[in-house]
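Please study the sequence and the structure shown here before attempting the exercises. Each task is followed by a worked solution.

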Amino acid sequence: MPQIPIESVLIQVLNGLSSGMIFFIVASGLSLIFGVMRVINFAHGSLYMLGAFLATAVGAWVAEKNLGFFVALLIAPLVVAFVGVVLEFTLFKRIYNKEHLLQLLLTYGLTLILADVVRIIWGGEILRLSLPEFLAGATRIMGRRVANYNLALLVVGPLIAFGLWFLLQRTRWGRIIRASVANPEIVSALGINTQWVFTGVFALGCWLAGLGGMLISGRASVSLGMDVEIIVQAFAVVVIGGLGSFTGALVGSVIIGVTVAIGTLYAPSTAQIIPFAIMALVLILRPWGLFGKPER
Amino acid sequence: MLLQVRDIHTYYGLSHILFGVSLEVDKGECVCLVGRNGAGKTTTLKSIIGLAPPKRGVVAWRGQPINGRAPHWIAQQGIGFVPEERAIFPNLTVWENLDVARKPSTTGEVRWTVERIYDLFPRLKERSNQLGGTLSGGEQQMLTIARTLMGNPELVLLDEPSEGLAPLIVELIGELVAQIKAEGMTILLSEQNLRFALRLSERAYIIDDGKIQFSGTTQELQNNPELVEKYLAVH
């Protein structure tokens, strides 16, 4: 094993945490949709990719890079949420009570369609969102340069986590969502239109996918294929943390982000295997995930 | 007539459960629907609230047909449904269970607030911040009733509130239902426990094999031991 100075490892932990924040944002959306509607949405990664491409398009359209980034931050996730509402209304609400195989067929089919839609609109280009000046530079920490953008992600991730926690635990809307997780029939018998609850949750889940995509477009190049890459990572996160668990998504994301980042230092060629090794371990020891509950 | 159920036929998938059930509930009444397990009591209540919509027949609320409407729409017209025990939200606290169900009556009135519920159910007040899933069976039953009251309904469909509870707790639940009735609430009570049901109601229906077999005052039912033996006795 190569001798690596402790500073490099610590910096790499920081970078890994910032990747973890993006995994968390995407995986929490996936987990939320599963938790409420019991649908495993394979197309979640495609919505993330759509968010990333939209962000670069909005950034290029605004052209002024300080402003473009924030306009993209505002618009791209909202457009993805809107696409989600349309998909929910036309397709997803028909499969809520169907077997998982049908859900898999539909959502997998959607990933193929959405990938082609992105290809038709943007072609095979590799794009990137320009960052505003204060985010584009780097800060010296322990004698090493850390991208300001990564530091910003370390702020954004916990903000989103807090926002979601607040929404779910401290608002009436959140209470209705949690009640619907337990028993949607009874929620509707209490006079609440659960169809709207489902549409709202789906929109929020898709907004999170779009936000994740928008945020990654400022850090890495945007290209076809990123949908598959993220959905595999997000699945690893939710399997480790427990599907449907919000805390699980956070812990799973941090575990994957940090272990991959450190692994890259020691064994760059094999680091990408780490999430799946951890996932396999969790599946053997605790099949419902660290924070999940055994399926009824 | 506040609620009229006329000749409804309800199915679960392919199995035919209700064969032309008819019943009526007038404002301010407490009417019980008694019968054995599997006789069709729960299905009748679920047909009214829309969770098991009837295939044929009419459910009329203040003279207007409501069958075929979504449960949330029917609930918004002033019908409250209290499901069988343990249908509380176990992952929500007692207070949260109540808050989710909060809505004004059809006339915009708010008779039932969390404070009034806590006056009537002091046990729930003590458990306010506890998760619903940690409550005892009796407390869960109280919470289910209290939760429905939070929607300020005009009619409450009460599904087997005494089921699976110890005699002392059944007594307590009975007193609570009596108090709610005294507030002027209209109640349709489904029960297997005849003693419990008759003490609270003025009129009774007996349901067996998905058909109404008797309709009359509770006095008439009590004076007819053969009926009780035929349709309600457990052998």
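The exercises below treat one residue, one helix pair, one core and one interface.

This is a predicted model, in which local features need pLDDT of at least 70, side-chain atom pairs count only at pLDDT 80 or more, and totals for chains, interfaces and linings use all residues. Residues are numbered from 1 along each chain as its sequence is written, while chains are lettered from A and ligands numbered from 1 in the order in which they are written.

**Exercise 1.** Determine whether Ile255(A) is buried or exposed.

Solution. Step 1: locate the residue; Ile255(A) belongs to helix H11 (residues 246-266) of chain A. Helices are DSSP runs of H or I with at least four residues, numbered from the N terminus. Step 2: apply the criterion, by which a residue is buried if 20 or more other C-beta atoms, placed from the backbone, lie within 10 Å of its own, exposed if 12 or fewer, and partly exposed in between. Step 3: Ile255(A) has 22 other C-beta atoms within 10 Å and is therefore buried. Step 4: leaving aside neighbours within four places in sequence, Ile255(A) is in contact with Ile240(A) and Ile278(A). Contact requires C-beta atoms, placed from the backbone, within 7 Å.

**Exercise 2.** Describe how H10(A) and H11(A) pack.

Solution. Step 1: helix H10 (residues 226-241) of chain A packs against H11(A) at an angle of about 120°, and their axes are 7 Å apart. Axes are lines fitted to C-alpha atoms over the stretch in contact, and angles run from 0 to 180 degrees between N-to-C directions. Step 2: angles under 35 degrees count as roughly parallel, over 145 as roughly antiparallel, 65 to 115 as roughly perpendicular and the rest as oblique. H10(A) and H11(A) are therefore oblique to each other. Step 3: among the residues that meet are Ile240(A) in H10(A) and Ile255(A) in H11(A).

**Exercise 3.** Identify the helix that gives the most residues to the largest nonpolar core.

Solution. Step 1: a nonpolar core is a set of buried Ala, Val, Leu, Ile, Met, Phe, Trp, Tyr and Cys residues joined through C-beta atoms within 7 Å. Step 2: the largest such core has 153 residues, and Val201(A) is one of those touching the most other members. Step 3: helix H9 (residues 194-216) of chain A gives the most, with 14 residues.

**Exercise 4.** State how many residues of chain B are in contact with chain A.

Solution. Step 1: 20 residues of chain B are in contact with 17 residues of chain A. Step 2: the largest share of the chain B side, four residues, comes from H2(B).

Methods: Contact = placed C-beta atoms within 7 Å. Helix = DSSP H or I, 4+ residues; strand = E, 2+ residues; numbered from the N terminus.
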